[in-house]
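Biologist: Could you take a close look at one part of this model for me? I'd like to hear about a single helix and the core around it.

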Amino acid sequence: MKKIILACVGITVLLSSCVPQKKYAELEAKHKEAQDLLNSATVKLNSCLEEKATAEARLQTLADQNTFLKANNQVLIDNMGNLTDLSAKGAQNLEKSLESIREKDLTIRKLNDAITRRDSVNLSLVQSLKGVLGNLDDEDIEINVEKGVVFVSISDKLLFSSGSYTVTSKAKEVLGKVAKVVNNKPDFDFMVEGHTDDVPYRSGVLQDNWDLSAKRATSIVRILQKDYGVDPKRMTAAGRAEFIPVSTTDKSKNRRTRIVVLPKIDQFYEMIEEGMKDPAIAN
């Protein structure tokens, strides 16, 4: 390559002294063209050298991987003898796992069946309560179901005068309607909860909001028992004072009595047992 360049230079020098200007220009153009071709060839050569280096590195990597695979192939062959024993043990473990899964699935299906029955009963209860109380202002009475429990929330203004635990005559009418429903649902127990706001009780008759909320709850259960014949063994009276508020902006919503209706525990387990006897589940 150097010889070609020197020859071109020599020719250029020679011609510059003995050829016409036009001929010299032509030769100079050819010289430039040859130089451009040389530069292009040099670039391609460098590119090829880089590709060669990359290919050689990849070849070495593949060779290393091949060596690794060959080394591990023998290990796999050696372990083949143990696969029969491992397969037998694996089959036994798999059968045990499947049996455990079948048992858990059966239990889940039984529980789901019991929960479905409970939800059906709760729905019937809610429909009955809304049927007898549906003509009242929604702000005074709310009925809802949370986690399988029916809640009937009655506002303070409907049941009591401010700071009092004496049930109003209008409230007795409402409680009579509630009593009618719960008397027709003997499979339910319920708790009457008294709730107040956080304004301190200061009338002097009672000590504090704990006393007031408990007194209001016992006033309700007494009326349900004495006036409407609700079995007292099914009822619990509880005072919650101001410690379970439902609103931070409207204190009137916190002054309420809540009736929590829930299936008897033994009744719920009976639902599960009945579900266990269901042929669709048993099989």
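Modeller: Sure, let's go with α4, keeping in mind that this is a predicted model. The buried residues of this helix are Ala171, Val174, Leu175, Gly176, Val178, Ala179, Val181 and Val182. In length, α4 runs for 15 residues and spans 21 Å from first C-alpha to last, close to the 21 Å you'd expect at 1.5 Å a residue.

Now for where those side chains go. The largest nonpolar core has 30 residues, and Ile154, Phe190, Ile220, Leu224 and Ile259 have the most contacts inside it. At least two core residues each come from α2 (21–133), β1 (141–146), β2 (149–155), α3 (156–159), α4 (169–183), β3 (188–195), α5 (209–226) and β5 (256–263). Of these, α4 gives the most, with seven residues. In soluble globular proteins, nonpolar side chains tend to be buried together.

Phe190 is a handy place to see how α4 links up with the rest. Leaving out residues up to four places away in sequence, Phe190 touches Val182, along with Leu224, Val230, Arg234, Met235, Thr236, Ile259, Val260, Val261 and Leu262. Val182 is one of the buried residues of α4.

For contrast, have a peek at α5, which holds Trp210. Trp210 counts as partly exposed because its relative accessible area is 44%, between the 20% and 50% cut-offs. Together with Phe243 and Ile244, Trp210 forms a nonpolar surface patch of about 310 Å² accessible area.

Zooming out, the protein has seven helices and five strands, and buried residues make up 27% of its 283 residues.

Notes: Residues are numbered from 1 along each chain as its sequence is written. This is a predicted model: local features need pLDDT of at least 70, side-chain atom pairs count only at pLDDT 80 or more; totals for chains, interfaces and linings use all residues. Side-chain values use heavy atoms; hydrogens and water are left out. A nonpolar core is a set of buried Ala, Val, Leu, Ile, Met, Phe, Trp, Tyr and Cys residues joined through side-chain atoms within 4.5 Å. Buried means under 20% relative accessible area, exposed over 50%, partly exposed in between (1.4 Å probe, protein chains only). Helices (H or I, at least four residues) and strands (E, at least two) are DSSP runs, numbered from the N terminus. Contact means heavy atoms within 4.5 Å. The expected span of a helix is 1.5 Å times one less than its number of residues. Patches are made of residues with over 30% relative accessible area and no salt bridge: like charges are joined within 9 Å, nonpolar side chains (Val, Leu, Ile, Met, Phe, Trp, Tyr) within 5 Å. Accessible areas come from the Shrake-Rupley method with a 1.4 Å probe; for residues, only the protein chains shown count as cover. A salt bridge is a side-chain nitrogen of Lys or Arg within 4 Å of a carboxyl oxygen of Asp or Glu.
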